[in-house]
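Me: I am new to this structure. Please show it to me, and then let me ask about the terms used for it.

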Amino acid sequence: MTRVDTTDPFGLQADLHVDLGEDVEAFRAELRGWLAGNVPRGPRPTDEAARFEIGRAWQRRMAEAGWAGIAWPTEYGGRGAGALQQFVYYEELARAGAPAPVNQPGIILFGPTLMVYGSEELKRRYLPRMLTAEDVWCQGFSEPEAGSDLAGLRTTARRDGDGYVVHGQKIWTSWAAYADRCALLCRTDPDEPRHRGLSMVILDLHQPGVEVRPIVQITGERDEFGELFLDGATVAGDHLVGEEGQGWAAAMRMLEFERSDLGLHDHARLQVRLNTIGAFLADAISDRRLTGLDAVDLRRRFADAWVRCGLLRQFNLGVASELAAGRRPGAMSSVLRLYWSDLAQVVESLGLDVVGPDRPLAVDDVRTYLHSRHTTIASGTSEVQRGIVAEHVLGLPRDRRGG
């Protein structure tokens with residue numbers, strides 16, 4: 001089940017197109033035309049490093065054509081695209097089967113954060129190279145003793161002349177094996193309580209005192225996540241993002257950028273994946289490889305997942321509309337995060353059951369299923385998100401058990 005299918009095999013899809021306005025639809029048509037002539041084709045290599053380099057070359061091509069970092073202001077190389085255009089952007093990338101830009105942490109997270117908190121010199125130096133993937137970035141937040149409790153991190157950056165010396169450890173750092181720079185959250189003032197003593201710095205990963213160790217995942221992949229071991233690494237004093245002690249504010253703004261972007265794209269690739277599963281299911285029923293109650297149950301599950309995916313699209317369109325109107329979705333992004341992470345696992349479980357235990361599984365099917373298991377952990381666990389929803393959406397009192 002490796003092909004990408006954008007059709008609707010069971011005829012469930014009524015005309016769900018919503019006219020988003022002349023400018024947005026013109027943007028969609030322009031992007032669709034460019035993707036038709038530029039999306040890389042052919043099988044993906046099995047080697048992870050080779051896949052990454054293909055992704056880097058693809059982002060460079062996108063940047064040269066003005067299709068990387070579209071939401072960035074034009075003075076920084078973007079298009080100044082609004083939220084509705086971003087919504088369309090992700091739908092068209094998914095529809096075309098295009099890879100995502102490989103430097104997503106830079107484009108989505110750190111670039112916008114640097115625009116808010118960084119000096120003009122840092123912006124001029126790093127933003128153009130983010131867009132072209134000349135510099136690949138990673139996010140150094142989580143630690144073995146500070147995952148969900150980010151304010152409890154122990155990595156230190158101590159003043160040494162005009163700069164800093166860094167000691168500590170980070171874990172679950174996305175693309176650390178390929179990254180050139182890290183947006184590192186660290187403790188610069190040990191005398192200040194928790195988040196008040198934190199700062200964000202730009203760490204060059206190609207220096208003594210930095211060791212990157214890959215984390216082997218359940219999928220067998222080694223390169224998506226890594227551990228950073230920092231033992232005397234140095235940071236120049238002008239590579240502080242904002243002021244000392246402003247790291248918590250910068251980190252929270254970065255996470256806000258991440259959650260806002262998530263609400264614009266998570267439905268699109270799920271819909272394409274679901275259509276591919278549906279096409280395989282329709283073929284299996286047509287040639288009677290699936291019959292009886294098995295076929296009925298799988299069609300029911302497919303229809304349920306398809307409806308939920310359509311609802312997620314409407315929810316995300318609502319987020320895009322709120323952002324376009326200048327309003328932040330706030331804690332509602334946690335509602336969407338919960339809905340999407342559960343649906344991703346539902347879709348991939350359906351995909352394996354459609355293939356069935358007696359038929360050979362494609363490597364990509366197994367990898368995609370196993371990869372879906374992390375969706376309820378990444379970007380803040382579902383337990384954390386439920387706490388945010390309970391407190392900030394439903395207005396329930398905070399759970400104070402355990403002190």
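**Terms and the values behind them**

Reply: Start with a weak spot of this predicted model. Over residues 8-15 the pLDDT stays under 50. For this stretch the model has 17 contacts beyond four places in sequence.

Me: What is the mean pLDDT of the protein chain?

Reply: The mean pLDDT is 85. Of the residues in the chain, 90% reach 70 or more. Residues 2-6 have a pLDDT below 50. That stretch has 15 contacts in the model beyond near neighbours in sequence.

Me: Why is Ala133 called buried or exposed?

Reply: Buried means under 20% relative accessible area. Ala133 has a relative accessible area of 0%, so Ala133 is buried. Its place is in the loop between α5 (120-131) and β1 (137-140).

Me: What is the phi of Ala133?

Reply: Phi of Ala133 is near 65°. That is a positive value in a residue other than glycine. Arg288 is not a glycine either, and it has a positive phi of about 65°.

Me: Why does Arg288 count as buried or exposed?

Reply: Exposed means over 50% relative accessible area. Arg288 has 64% relative accessibility, so it counts as exposed. Arg288 is found in the loop between α6 (247-286) and α7.

Me: How many aromatic pairs are there?

Reply: The count comes to eleven aromatic pairs. One of them is Phe315 with Tyr339.

Me: What makes the pair of Phe315 and Tyr339 edge-to-face?

Reply: Two values decide. Ring centres must lie within 6.5 Å to pair, and planes over 60 degrees apart count as edge-to-face. The centres of Phe315 and Tyr339 are 5.4 Å apart and the planes are at 85°, so the pair is edge-to-face. The pair links distant parts of the chain, 24 residues apart. Phe315 is in helix α7 (residues 292-324), and Tyr339 is in helix α8 (residues 332-355).

Me: Why does Phe315 count as partly exposed?

Reply: Partly exposed lies between 20% and 50%. Phe315 has 38% relative accessibility, so it counts as partly exposed.

Me: Which residues do ring pairs link into a cluster?

Reply: The cluster holds Phe27, Trp34, Trp58 and Trp67.

Me: Which residues form a nonpolar patch on the surface?

Reply: Met332, Val393, Leu394 and Leu396 form the patch. Together they have about 360 Å² of accessible area.

Me: Why does Val393 count as partly exposed?

Reply: Val393 has 35% relative accessibility, so it counts as partly exposed. A patch residue needs over 30% relative accessible area. Val393 lies in helix α10 (residues 382-393).

Methods
Residues are numbered from 1 along each chain as its sequence is written. This is a predicted model: local features need pLDDT of at least 70, side-chain atom pairs count only at pLDDT 80 or more; totals for chains, interfaces and linings use all residues. Side-chain values use heavy atoms; hydrogens and water are left out. pLDDT is the predictor's confidence in each residue, from 0 to 100. Contact means heavy atoms within 4.5 Å. Patches are made of residues with over 30% relative accessible area and no salt bridge: like charges are joined within 9 Å, nonpolar side chains (Val, Leu, Ile, Met, Phe, Trp, Tyr) within 5 Å. Accessible areas come from the Shrake-Rupley method with a 1.4 Å probe; for residues, only the protein chains shown count as cover. A salt bridge is a side-chain nitrogen of Lys or Arg within 4 Å of a carboxyl oxygen of Asp or Glu. Helices (H or I, at least four residues) and strands (E, at least two) are DSSP runs, numbered from the N terminus. Buried means under 20% relative accessible area, exposed over 50%, partly exposed in between (1.4 Å probe, protein chains only). Rings of Phe, Tyr and Trp (its six-membered ring) pair if their centres lie within 6.5 Å; planes under 30 degrees apart count as stacked, over 60 as edge-to-face and the rest as tilted.
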